[in-house]
Amino acid sequence: MSLGARVKAKRLEMGWSQMDLARRVGVSQQAINNLEGGQTNKSRYIAELARALDTTVDYLLDGDSSVPKQAASVEPTIIHFNDLPKDVPVLGQTVGGDDGNFFFNGQTIDYFRRPPGAANMRDIYGLFVTGTSMWPRFEDGEPIYASPSRLPAIGDYVVIQLRQRDEGSAPDSYIKRLVRRNGSKIIVEQFNPAKTIEYERDDIVSMHRVVPLIELIGI
């Protein structure tokens, strides 16, 4: 039995759809479909898949269903929040709009604590969500972390920065969920009110991935 077949069997055993599993792992439904369909025989989310499916990485990779031996007792390392370095720059002043837009003004206005999982993410930065266009996933005023280091996948939340409307103005930026790409457009969605939005690729200066909590805390 292949990796994809074992993932599918465990998913069906849990009574979940591909979308149910995708949400628990933090990937797109298409990623789960590709894995189960045998289009890929490995996954960088193997540990997250094992946790979600209440099984082990060894079982998913090679069918080993044996129970791991009890690990030796190790004194846990306790990390206190106030001991984390406060060196992640918060970029730009956020300004509310009907679609939750905000402006990068090129300034560092504050610093966030650096979560354990972001210890080696040198290009990570922080923002505050503005408005309720992405509610209930993100609330108005909620802090988020974003990074340009990994290409966003379909289903990822992204920070999109558009070209300046006129010389001297700050570029519009948005927090949305990536739905699909085609030759000339980037299609995203928002939740409140629910709608899809199309951006011309030529109008986009940057599209950075919002780093999910599971990565920030190093799980």
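I'd like to start with H208, which, at 18% relative accessibility, counts as buried, because the cut-off for that class is under 20% relative accessible area. Please keep in mind throughout that what we are looking at is a predicted model.

As for where this histidine sits, H208 belongs to strand β10, which covers residues 204–210. Its side chain makes a polar contact with the side chain of Y125, at 2.8 Å. If we set aside residues up to four places away in sequence, the residues that H208 touches are Y125, S147, P148, P152, Y157, V158 and V159, so that Y125 appears both in this list and as the polar partner.

Let me turn now to the backbone, and to two peptide bonds that you may want to look at on the screen. W135 and P136 are joined by a cis peptide bond, with omega at about 15°, and P136 lies in the loop that runs between β4 (125–128) and β5 (143–147). A cis peptide bond also joins N192 and P193, here with an omega of about 0°, and P193 is found in the loop between β8 (185–191) and β9 (194–200).

The last residue I want to show is D54, which is not a glycine and yet has a positive phi, of about 55°. D54 is placed in the loop between α4 (46–52) and α5 (57–62). Is D54 buried or exposed? With a relative accessible area of 64%, D54 is exposed, since the cut-off for that class is over 50%, whereas H208, with which I began, counts as buried.

Technical notes. Residues numbered from 1 in each chain as written. Predicted model: local features only at pLDDT ≥ 70, side-chain atom pairs only at ≥ 80, totals over all residues. Heavy atoms only, no water. Helix = DSSP H or I, 4+ residues; strand = E, 2+ residues; numbered from the N terminus. Buried < 20%, exposed > 50% of the residue type's maximum accessible area, 1.4 Å probe, protein only. Polar contact = N/O pair within 3.5 Å; in protein donor to acceptor, adjacent residues only side chain to side chain. Contact = heavy atoms within 4.5 Å.
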